[in-house]
Amino acid sequence: MIEKKQVFKPNKEFAKVANIKNMCEYYELQESAMEDYEGFWGDAAKEKIDWIEPFTDVLDESKAPFVKWFGGGKLNVAQQCIDRHLETRKNKAAIIFEGDRGDIQTITYLDLYKHVNRFANLLKEDFDVKRGDRVIIYMPMIPEAAYAMLACARIGAIHSIVFGGFSSEALRDRIEDAEAKVVITADGAYRKERPYMLKPVVDEALEGKTPVKKVLVVERNNEDVAWVAGRDYSYNELIKDKSSVCEAEVMDAEDPLFLLYTSGSTGKPKGVQHNSAGYILWAQMTMEWVFDVKENDTYWCTADIGWITGHTYIVYGPLAMGATTVMFEGVITFPDAGRPWAMVEDHRVNQFYTAPTAIRVLHKMGEDEPAKYDLSSLKVLGTVGEPIDPPAWKWYHEEVGGGRCPIVDTYWQTETGGHMVSPLPGATPIKPGCATLPLPGIMAEVLDPATGEKSEVGETGYMCVTRPWPAQIRNVWGDEERYITSYYSDVKKDGRAVYFTGDGAMYDEDGYITITGRTDDVINVSGHRMGTAEVEAAIKKHSNVAEVAVVGKPHPLKGEGIFAYIVLKEDEGLADEVEEVRTINNIIKKEIGNIALCDDMVFVSGLPKTRSGKIMRRILRIIAKGEVVTQDISTLEDPSIVATIASKVQSCS
Ligand code: 6R9
């Protein structure tokens, strides 16, 4: 077993040519940001972005926590990702697509330019999409999804991608909240060599009153789908006669680029709003620093574009820096757990980025698979989404990375736009399971919420960011109050509200940061955020449910599983419970999607509550883990309920 304390120094050969070569360079950069914050970011923005008009102001904090970056600057993010590369990279692969069934497409930067412009013209001419309009993208992992994103960026429309695993109700909620006028979808796609469908989910989501006027359907699996005349249009038909030239809209630095809905501890998912310049700047900078991607490298991130990782690290970041990004439609364990390694070998992948949950599954299903392939092209391995446990780290490092590739454990969130705390592969001595240090320019600190002071070594504190950064969330779509209460109301430093991530964290003796997990009612299932309140709201839709409390429980593969305690209105015994589980699962599938299905559902006679009626989730978490409740429960409304619940859970497990 690798001890957590073991330190892995960067490979000297790698460091020599890395973008950041040693810790001195790192500290110099970070100190220069501390000394002259606006100078640091202003220089970066001047160097990295092809401005249509230069910015006149770096950071405006006058309405903090609502901030503005690069005021006066004008740009277009699609140009930053495509046009500016045409001079030197027009025949370079921008996207290498591998389909579920092994079909491959290589899309050069020039191809990408044409596809995106045609798409943009289609949206403008046939769908009347204008600057500032919201466009929902509900798509499989196919190149057209990336074209759709960039086409929106090109004409100044705001896209909001909804993960293809979300249900019609979840899609409807997001459409309504964003007041989207267009949905871009596909008939479906392929998973494990079988077609699956998306269009029917869109049809359901648009039943009744909806702001959506038109639906664009990309044909991928050519299965039959229902068609609403005057609303549904075929992409493959409309795109045929579109011009491959489309002038890019001149956008302000702070014009919104996209919304991405994510779970919070309360209420419905929040529309995290990212704006143009700051987001694309940081997407590009972190690609260069954290993955150390070089001109001839091929980079692969296994995420889905429905999550922030797919936005920043499949599409925007790699393309902004002119890299080659691999996009994969399929399932990484199909046809067997050698699939990703076969792909690394085939495409000579240099940087591979995935989630610990995927590593655990690949390890379990195919411990010896990596050895069957030539993985010598790999230079950097990355993880994201949740803490990585030592056995998974060790296997990833030794079997996949051949012991030579640094593992960058990247800590960040939908709201942060890009990486926040992460090793730099040529510089940072790495400790397994530890996200290490804030990236240059990022003032991430672990604070004691009571005092706003830095936490002591070994004490869990709150993971905060004490200065605004360019890629930060700008607002919760249409809800400024929620932006403040969600992120700027828990911690103050020197009397000023600072950004709180919702995560706990801890410093070690070297000042390294280890993320200890969420401090709120958000659970992390396979690296995806799930709000307990959302799952509870879905379960409550069942007419026979009186009360419900959902908590996270450690899960060997998923990181955390979903555990629901349910009080039924009429409890008619065990036979009924089986039926109720089925009914509730169906409701969850309809309201949220399969990703929110509970791992455990236990029917109990009551929930532990304080006298003021607050559910004691802490106790429920302890019982879910199978541990003994040792804390004082005498103040509960009905202390005896704890033992009753615990014995029910024991009998179910
Ligand atoms: C990028 C992404 C964010 C939450 C975050 C934290 C957890 C992400 C992590 C990590 C430990 C890491 N998280 N990266 N925990 N180590 N390297 O995952 O965004 O879906 O918004 O989730 O994921 O709890 O707050 P998002």
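**Exercise 1. Find the loop that holds Pro335, and describe the peptide bond before this residue.**

Step 1: Pro335 sits in the loop between β17 (324-328) and α13 (339-347). Helices (H or I, at least four residues) and strands (E, at least two) are DSSP runs, numbered from the N terminus.

Step 2: Phe334 and Pro335 are joined by a cis peptide bond, with omega about 5°.

Step 3: Now go to Pro65, in the loop between β1 (57-63) and β2 (66-71). A cis peptide bond links Ala64 to Pro65, and omega is about 5°.

A note on the model: it is predicted, so local features need pLDDT of at least 70 and side-chain atom pairs count only at pLDDT 80 or more, while totals for chains, interfaces and linings use all residues. Residues are numbered from 1 along each chain as its sequence is written, and side-chain values use heavy atoms, with hydrogens and water left out.

**Exercise 2. Locate Asn222 and look at the sign of its phi.**

Step 1: Asn222 belongs to the loop between β11 (214-218) and β12 (232-234).

Step 2: Its phi is near 55°, a positive value in a residue other than glycine.

Step 3: For background, most residues other than glycine have a negative phi, and most peptide bonds are trans.

**Exercise 3. Work out how α3 and α11 are oriented, and which residues meet.**

Step 1: Fit the axes of α3 (residues 37-48) and α11 (residues 276-290): they come within 10 Å and cross at roughly 85°. Axes are lines fitted to C-alpha atoms, for helices over the stretch in contact, and angles run from 0 to 180 degrees between N-to-C directions.

Step 2: The two helices, α3 and α11, are therefore roughly perpendicular to each other (under 35 degrees counts as roughly parallel, over 145 as roughly antiparallel, 65 to 115 as roughly perpendicular and the rest as oblique).

Step 3: From α3, Phe40, Trp41, Ala44, Ala45 and Lys48 meet Leu281, Trp282, Gln284, Met285, Glu288 and Trp289 of α11; contact means heavy atoms within 4.5 Å.

Step 4: Sorted by class, the residues of this contact are 8 nonpolar, 1 polar and 2 charged. Here Ala, Val, Leu, Ile, Met, Phe, Trp, Tyr, Cys and Pro count as nonpolar, Asp, Glu, Lys and Arg as charged, and the others, Gly among them, as polar.

**Exercise 4. Repeat the analysis for α14 and α15.**

Step 1: Helix α14 (residues 356-365) packs against helix α15 (residues 390-400) at about 70°, with the axes 9 Å apart. That makes α14 roughly perpendicular to α15.

Step 2: Ile359, Arg360, Leu362 and His363 in α14 meet Pro391, Ala392, Trp395 and Tyr396 in α15. The classes here are 6 nonpolar, 1 polar and 1 charged.

**Exercise 5. Describe the surroundings of the ligand.**

Step 1: There are 17 residues around the ligand, and Asp409, Thr410, Thr414, Asp503 and Arg529 come nearest (a residue is near if one of its heavy atoms lies within 4 Å).

Step 2: Look for polar contacts, pairs of N or O atoms within 3.5 Å; within protein, one must be able to donate a hydrogen and the other to accept it, and residues adjacent in sequence count only if both atoms are side-chain atoms. A polar side-chain atom of Asp409 is 2.7 Å from a ligand nitrogen atom, and a backbone N or O atom of Thr410 is 2.8 Å from a nitrogen atom of the ligand. A polar side-chain atom of Arg529 lies 2.8 Å from a ligand oxygen atom.

Step 3: Taken alone, the ligand exposes 530 Å², of which the protein buries 96% (accessible areas come from the Shrake-Rupley method with a 1.4 Å probe; for residues, only the protein chains shown count as cover).
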